[in-house]
Amino acid sequence: MQQRRVNFHTLGCKLNFSESSTLAREFEEGGFVRVAPDAEADICVVNSCSVTEHADKKCRNLIRKLHRRNPGAIIAVTGCYAQLKPQEIAAIEGVDIVLGNNDKGDLYKRVLELPGKGRAQVYSCDADSLTSFFAAFSSGDRTRAFLKVQDGCDYKCAYCTIHYARGGSRNMPVADLVAEARRIAAAGQKEIVLTGVNTGDFGRTTGEKFIDLLRALDGVDGIERYRISSIEPNLLTDEIIAFCATSPKFQHHFHIPLQSGSHFHIPLQRGSDKILGLMRRRYTTARFADRIAAVRALMPDAFIGIDVIVGFPGETEEDFRTTYDFLAGLEPAFLHIFPFSERPGTPAVEMPGKVQASVATRRAAQLEALCAKLHAAFCARAVGSEDSVLFESTRRGGMMFGFTGNYRRVKAPYDKARVNTVCRVRLGAMDESHDLMGEIRD
């Protein structure tokens, strides 16, 4: 009998990626063959995102495409869009089952219970009932795993639907996450990225602290590198900064949202405290700048990434210029820029001072140009130095690629023996993509 085939389509953040990977392992352990997203399959699983209206539209288009390509396939949809608008998804032709985030961990069982294609079954609940924790980590990448350490958010920023899609902040105990990290190490992966919705808020359900988790993970044998996917500035304590500065495993790589919002890569920043207040953020620009300075005092060459939303209601040209100048003065290594997207049910929808889409697009382009300049400068500073690089399995144009601890990308002639190993590398010329040529020294 031919084995049944399943494929996965993950939209949005790394948290979704870790959860899809865990669901895929469950199908594989049940005897399914996981096939490529564009391959013919018996079951298609869509893990949705709802960070913007564009994300919703992308999910709808994907579902329709899957149904046209595989009209007999079972289509299962889960994730944030499925949590927020389950009936909207259930009404799309071809959808057989919709599971909100509380039921995501039961997806495999629920799909097997389906008698076949038919009217969509819906499993959902309101935000206050989102209390389960679906333990997850990614696998399949030979080098890096994403470990889910936290879920949900209590912040309720004015533009964000995450609290309604993911519920309140919650987590697994430190001991259980250490066990997960050991499983990852046993599979041979060398690097773990800690991911969550509001990662630094870890400990709400167990009475532990994020620093407790970092210290415990630091002792796991076989894992050589950790990265923190993102951490709110008000949760980035001096204690965490000092620990990362002295630990040989925690990399000098920080993603610190200035104004956060729509996801786990939690976005935004603003040099205008007026806009921060409207967004219901929990810090000022002065506090944000203080956190950047604290990181650089102990880790002068740290990679600092910042998410930015432009075009929030009430953002004037003067506000935007203040933001631009503030970011230029901070000199981060990278900017993730998002034009504001209205999300139904959030306070921002009712705010006056709407910014035209064309204006937001222009402002985003200006910040993209600033980002290119800042990232080029950050990478160019390393030319002529030596650093440690963890090389990945991707081969392109005869080259392999990897990252330094502070997230500069390095390329070197492909050598299979070097894949998934940390090598000392002399960094040479930078190309137009800001990749550095590496000469392996050991």
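1. Burial. Of the 442 residues of the protein, 57% count as buried. The model under review is a predicted one. Its accessible surface amounts to about 17,800 Å², and carbon and sulfur atoms contribute 51% of that area.

2. Overall dimensions. The C-alpha trace spans about 60 × 60 × 45 Å along the principal axes of the protein. A compact globule of 442 residues would be expected to have a radius of gyration near 22 Å; the protein has 22 Å, so the value agrees with that expectation.

3. Secondary structure and contact order. The protein contains 13 helices and 19 strands. Among contacts with a separation of 6 or more, 72% are made by residues 24 or more positions apart.

4. Charge distribution. The protein carries 58 positive and 54 negative charges. The mean positions of these two sets lie 3 Å apart.

5. Aromatic pairs, first example. The structure holds 13 aromatic pairs. One of them joins Phe-32 and Tyr-108: the ring centres are 6.3 Å apart and the planes stand at 80 degrees, and because an angle over 60 degrees counts as edge-to-face, the pair falls in that class. Phe-32 lies in the loop between helix H1 (14-29) and strand S2 (33-34), whereas Tyr-108 belongs to helix H5 (residues 107-113); the pair therefore ties together parts that are 76 residues apart in sequence. Both partners are under the 20% cut-off for burial: Phe-32 is buried with a relative accessible area of 8%, and Tyr-108 is buried with 14%.

6. Aromatic pairs, second example. Phe-303 and Phe-378 also form an edge-to-face pair, with 5.7 Å from centre to centre and 85 degrees between the planes. This pair links distant parts of the chain, since Phe-303 is in strand S13 (residues 303-310) and Phe-378 is in helix H13 (residues 357-380), 75 residues apart. Phe-303 is buried, its relative accessible area being 6%. Phe-378 likewise counts as buried, at 3% relative accessibility.

7. Aromatic cluster. Which residues do ring pairs link into a cluster with Phe-32 and Tyr-108? The other members are Phe-8 and Phe-27. The pair described in point 5, with its centres 6.3 Å apart, thus has both of its residues, Phe-32 and Tyr-108, within this cluster.

Key. Residues are numbered from 1 along each chain as its sequence is written. This is a predicted model: local features need pLDDT of at least 70, side-chain atom pairs count only at pLDDT 80 or more; totals for chains, interfaces and linings use all residues. Side-chain values use heavy atoms; hydrogens and water are left out. Helices (H or I, at least four residues) and strands (E, at least two) are DSSP runs, numbered from the N terminus. The radius of gyration is taken over C-alpha atoms; the globule rule is 2.2 Å times the number of residues to the power 0.38. Buried means under 20% relative accessible area, exposed over 50%, partly exposed in between (1.4 Å probe, protein chains only). Contact means heavy atoms within 4.5 Å. Accessible areas come from the Shrake-Rupley method with a 1.4 Å probe; for residues, only the protein chains shown count as cover. Lys and Arg count as positive and Asp and Glu as negative; His and the chain ends are not counted. The place of a charge is taken as NZ of Lys, CZ of Arg, CG of Asp or CD of Glu. Rings of Phe, Tyr and Trp (its six-membered ring) pair if their centres lie within 6.5 Å; planes under 30 degrees apart count as stacked, over 60 as edge-to-face and the rest as tilted.
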